[in-house]
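Welcome! Let us take a walk through this protein together, one stop at a time.

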Amino acid sequence: MKRIVSFAAAVAMALSAMLALASCNDGREKIYVLSYGDYIGEGVIEEFEKAYPQYKVVYDDTAETPEAMYQKLSSGVAYDVLVCSDYIIEKMINEDVLNEIDTSRLENYKYISEDLKGGLYDPENKYTVPYMWGTVGIVYNTKLVDETVDSWDILWDTKYAGQIQVLDSLRDTMGMALKYCGYSLNSTDENEINEALDALLEQKSTMNPTIGVDSLKDPMIAGQYALTVEYSGDALAMIDANPDLAYAVPKEGSNVWVDAMIMPKTGKNPDGAYAYIDFICSTEIALKNTEYIMYSTPQTEVLKQIDEELRNNPAFNPDSETIARCEYFDDLGDAAELYNTAWETYRLN
């Protein structure tokens, strides 16, 4: 009986392998895409492949943080398109690992807001096509927090010990601590960085925070925590699932960011990359992505079509005063080592 089962299993495995091989050799050109988890609308890949039947999108690899994405690219994988964050893109530009993008090949590029082109990370607007943007702030449960949430200080208030979550992201969490200490989130001063580390170690020892990225969402929605540091789009999705939640950008300031599509030099399918990027920039698809992800869109036609309530939500469309007290992350250059050392100390203690 065991032999029969083993033989049947072997046949099944062989058939699966043959089917997989056939699907990999169906004549379509592959487009390898790397992005963050849960960062594209449902069915968008299938719609692209229907519109461009000559291409097969390989979108089975994601990263939780910009640093993880950089490591994946550095490992030598030939990605055709990355959806990555501004300061890591700046690092990639400085290291000359990106292709310039010929925007004349992108019919829908005209819909990308001029305000989000030519950012500090790509001042000559040669390498990037903005995808989404937003802020970092605090999501709080109004049933568990009865005070105004307008400062990073609350994440060090021992009243909420065991009830907070912070991001497992070097720049976001170090940036939070630097702002808490009164400094720029781009500080390269060793004393300021060490002071921020000390603040994080104090928070860790007294507040017992839960640390994660995507894993932070469901427990907050379920009402298991009082406060969590989050990206604005994820905050909106969480609030949509639990109306008891709210979002605030602290008065000390925070990070405002842009995620953009880029084309690494290791990519093997530039024509496919251009087709994919242009498709993502189209109004129909950008609207679908925005409604699913709930991050702020750079696509001007989408801004006219989205639900008015969402368009007027300050988490989705922050006012100029909020933006003015926020900073973009910069590539830290040599000072990155100071942050890496601090982060390793934080993680190991």
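Which residues does glutamine 165 touch, not counting residues up to four places away in sequence? They are Thr210, Leu216, Pro219, Met220, Tyr225, Leu227, Thr228 and Val229. Keep in mind as you look that this is a predicted model. You will find glutamine 165 in strand E6, which spans residues 164-167. With a relative accessibility of 1%, glutamine 165 counts as buried, because the limit for that word is under 20%. Its side chain has two polar partners to look for. One is the backbone oxygen of leucine 216, which the side chain of glutamine 165 reaches at 3.1 Å. The other is the side chain of threonine 228, with a polar contact of 3.4 Å.

Next, turn to proline 264, in the loop between strand E10 (256-262) and helix H9. Proline 264 is buried too, since its relative accessible area is 2%. Along the chain, proline 264 and leucine 98 are 166 residues apart, yet their C-alpha atoms are separated by 4.3 Å. Leucine 98 is one of the residues that proline 264 touches, leaving aside those up to four places away in sequence. The others are Leu73, Tyr79, Asp80, Val81, Leu82, Val97 and Asn99.

Helix H9 comes up again when we visit helix H2, residues 44-51. Which residues of H2 are buried? Val44, Ile45, Phe48 and Glu49 are. They lie on the same side of H2, because they cover an arc of only 135° around the axis. The buried residues of H2 pack against two strands, E1 (29-36) and E2 (55-58), and against two helices, H9 (270-281) and H10 (283-293). On the face turned away from this buried side, you can spot the exposed residues Glu46 and Lys50.

Now for the aromatic rings. A pair of such rings is described by how far apart the centres are and by the angle of the planes. The model has 13 aromatic pairs. In one of them, the ring centres of tyrosine 39 and tyrosine 131 are 5.2 Å apart and the planes stand at 75°, so the pair is edge-to-face. This pair links distant parts of the chain, as tyrosine 39 is in the loop between E1 and H2 while tyrosine 131 is in strand E5 (residues 129-141), 92 residues apart. Both tyrosine 39 and tyrosine 131 are buried. These two tyrosines also belong to one aromatic cluster, together with Tyr36, Trp257 and Tyr295.

Another pair is formed by tyrosine 87 and phenylalanine 329; their centres are 5.2 Å apart and their planes at 75°, so this pair is edge-to-face. Tyrosine 87 is in helix H4 (residues 86-94), and phenylalanine 329 is in the loop between helix H13 (320-324) and helix H14 (336-348), 242 residues apart. Both of these residues are buried. The ring of tyrosine 87 has a charged partner as well: the charged end of arginine 171 sits over it, 4.9 Å from its centre. Elsewhere, lysine 204 lies over the face of tyrosine 346, at 4.6 Å from the ring centre.

Our last stop is the cysteines. How many disulfides are there? The count comes to 0. Why is cysteine 326 not bonded to cysteine 181? Their sulfurs are 17 Å apart, which is too far for a bond, and cysteine 181 has the closest cysteine sulfur to that of cysteine 326. Cysteine 326 is buried, because its relative accessible area is 10%.

Notes. Residues are numbered from 1 along each chain as its sequence is written. This is a predicted model: local features need pLDDT of at least 70, side-chain atom pairs count only at pLDDT 80 or more; totals for chains, interfaces and linings use all residues. Side-chain values use heavy atoms; hydrogens and water are left out. A disulfide is a pair of cysteine sulfur atoms within 2.5 Å. Buried means under 20% relative accessible area, exposed over 50%, partly exposed in between (1.4 Å probe, protein chains only). Helices (H or I, at least four residues) and strands (E, at least two) are DSSP runs, numbered from the N terminus. The arc is that of the directions from the helix axis to the C-beta atoms. Contact means heavy atoms within 4.5 Å. Rings of Phe, Tyr and Trp (its six-membered ring) pair if their centres lie within 6.5 Å; planes under 30 degrees apart count as stacked, over 60 as edge-to-face and the rest as tilted. A charge sits over a ring if NZ of Lys or CZ of Arg is within 6 Å of the ring centre and within 35 degrees of the ring normal. A polar contact is a pair of N or O atoms within 3.5 Å; within protein, one must be able to donate a hydrogen and the other to accept it, and residues adjacent in sequence count only if both atoms are side-chain atoms.
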